[in-house]
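Reader: I would like a close look at a single part of this model, with its surroundings described in turn. Please keep the account plain.

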Amino acid sequence: MAEQRILPTVEDTEALGRELARDLGPGDLVVLDGPLGAGKTALTRGLADGLGVQGRVSSPTFIIARQHRAGDHPGAIGMVHVDAYRLGGDLDELDSLDLDTDLDHAVVVVEWGLGVVEHLTDRHLRVLLRREPDSDVRTATWEWVAG
Ligand SMILES: Nc1ncnc2c1ncn2[C@@H]1O[C@H](COP(=O)(O)OP(=O)(O)O)[C@@H](O)[C@H]1O
Ligand SMILES: [Mg+2]
């Protein structure tokens, strides 16, 4: 069953990310979808914060994937943040990122990943972000999806 939440501010979006991070572990794939400015990177910042990974989350405009090392608390896990926008569906380039290997030990979060990365795991957490015109309010819908 998909869950849904209204997110009036960017802080609410980050808080949702922190909350979702509680259910994530190594091998988990998070696929983020929604138009430019919908809050995919903001949500990723919350995920990173919740996981306690190192390094600042930024929009990976010039890099396609950024590795965030695990924090130093017990049981800490790392996160890989991918922006698939620039891949433009180039599966060879996706392959060369070696996300399978990352998934052995980290959480992998992919912006614009819908239709591109689902094959990497047998299920993924799919988060859709919508924005209303001329408003800060975003709506998130999320669920674990097979395939
Ligand atoms: N409720 C909200 N949730 C997320 N971002 C918001 C919200 N309200 C305003 N913003 C602003 O919208 C922008 C979202 O940008 P970003 O997270 O980079 O989006 P995306 O990665 O989807 O392109 C940021 O500038 C953020 O401050
Ligand atoms: Mg982004």
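How many residues does α2 have, and what distance does α2 reach from its first C-alpha to its last? Please go on from there to what surrounds this helix.

Author: The model is a predicted one. Helix α2 (40-51) has 12 residues and reaches 16 Å from its first C-alpha to its last, close to the 16 Å expected at 1.5 Å a residue. After the helix comes G52, whose phi is positive, near 75 degrees.

Burial is the next point. α2 is mostly covered, with 9 of its 12 residues buried. The buried positions are K40, A42, L43, T44, G46, L47, A48, G50 and L51. The cover over them includes α1, β2, β3 (65-68), β4, β5 and β6. In general, an α-helix has 3.6 residues a turn, so residues three or four places apart point the same way.

One end of the helix brings in the ligand. α1 (10-21) and α2 each supply at least two residues of the shell around ligand 1. That shell has 18 residues, and T13, G39, K40, T41 and D136 come nearest to the ligand. By class, the shell residues divide into 6 nonpolar, 7 polar and 5 charged. K40 therefore appears twice in this account: K40 is among the nearest residues to ligand 1, and K40 is buried by the cut-off of 20 or more other C-beta atoms within 10 Å.

α2 also takes part in the nonpolar interior. The largest nonpolar core has 36 residues, and those with the most contacts inside it are V30, L51, M79, V107, V108 and V109. Two or more residues of this core come from each of α1, β2 (29-33), α2, β4 (78-83), β5 (106-111), β6 (123-131) and β7 (138-146). In soluble globular proteins, nonpolar side chains tend to be buried together. L51 of α2 is one of the residues with the most contacts in the core, and L51 is also on the list of buried residues of the helix.

From L47 of the helix the path leads to β2. V30 touches L47, V107, V109, H124, L125 and V127, not counting residues up to four places away in sequence. Because 4 of the 5 residues of β2 are buried, this strand is largely enclosed by the rest of the structure. β2 pairs with β5 in the parallel sense over 4 bridges, and V109 in β5 is the bridge partner of V30. β2 also pairs with β6 in the parallel sense, over 4 bridges. In β6, V30 has L125 as its bridge partner, while D33 has L128.

The strands continue beyond β6. β6 and β7 pair in the antiparallel sense over 9 bridges, and V127 stands opposite W142 in β7. Strand β1 (residues 3-7) pairs with β7 in the antiparallel sense over 5 bridges. W142 in β7 is the bridge partner of E3.

The hairpin of β6 and β7 has 6 residues between the strands, and D134 there takes a positive phi near 55 degrees. D134 is a residue other than glycine. Most residues other than glycine have a negative phi. D134 counts as exposed because 5 other C-beta atoms lie within 10 Å, and the cut-off for exposed is 12 or fewer.

D98 gives another case of a positive phi, about 60 degrees, although D98 is not a glycine. D98 lies in the loop between α3 (91-96) and α4 (99-103). D98 counts as exposed because it has 11 C-beta neighbours inside 10 Å.

The loop between β5 and β6 holds G113. G113 is buried because 26 other C-beta atoms lie within 10 Å. The residues that G113 touches, not counting those up to four places away in sequence, are V31, L32, V82 and A84. G113 and G89 are 24 residues apart in sequence and 9.2 Å apart in space, C-alpha to C-alpha.

To return to the helix: α2 supplies residues to the shell around ligand 1, gives two or more residues to the largest nonpolar core, and has 9 of its 12 residues buried.

Key. Residues are numbered from 1 along each chain as its sequence is written. Chains are lettered from A and ligands numbered from 1 in the order in which they are written. This is a predicted model: local features need pLDDT of at least 70, side-chain atom pairs count only at pLDDT 80 or more; totals for chains, interfaces and linings use all residues. A residue is near a molecule or strand if its C-beta atom, placed from the backbone, lies within 6 Å of it. Ala, Val, Leu, Ile, Met, Phe, Trp, Tyr, Cys and Pro count as nonpolar, Asp, Glu, Lys and Arg as charged, and the others, Gly among them, as polar. A nonpolar core is a set of buried Ala, Val, Leu, Ile, Met, Phe, Trp, Tyr and Cys residues joined through C-beta atoms within 7 Å. Two residues are in contact if their C-beta atoms, placed from the backbone, lie within 7 Å. The expected span of a helix is 1.5 Å times one less than its number of residues. Two strands pair if DSSP finds at least two bridges between them.
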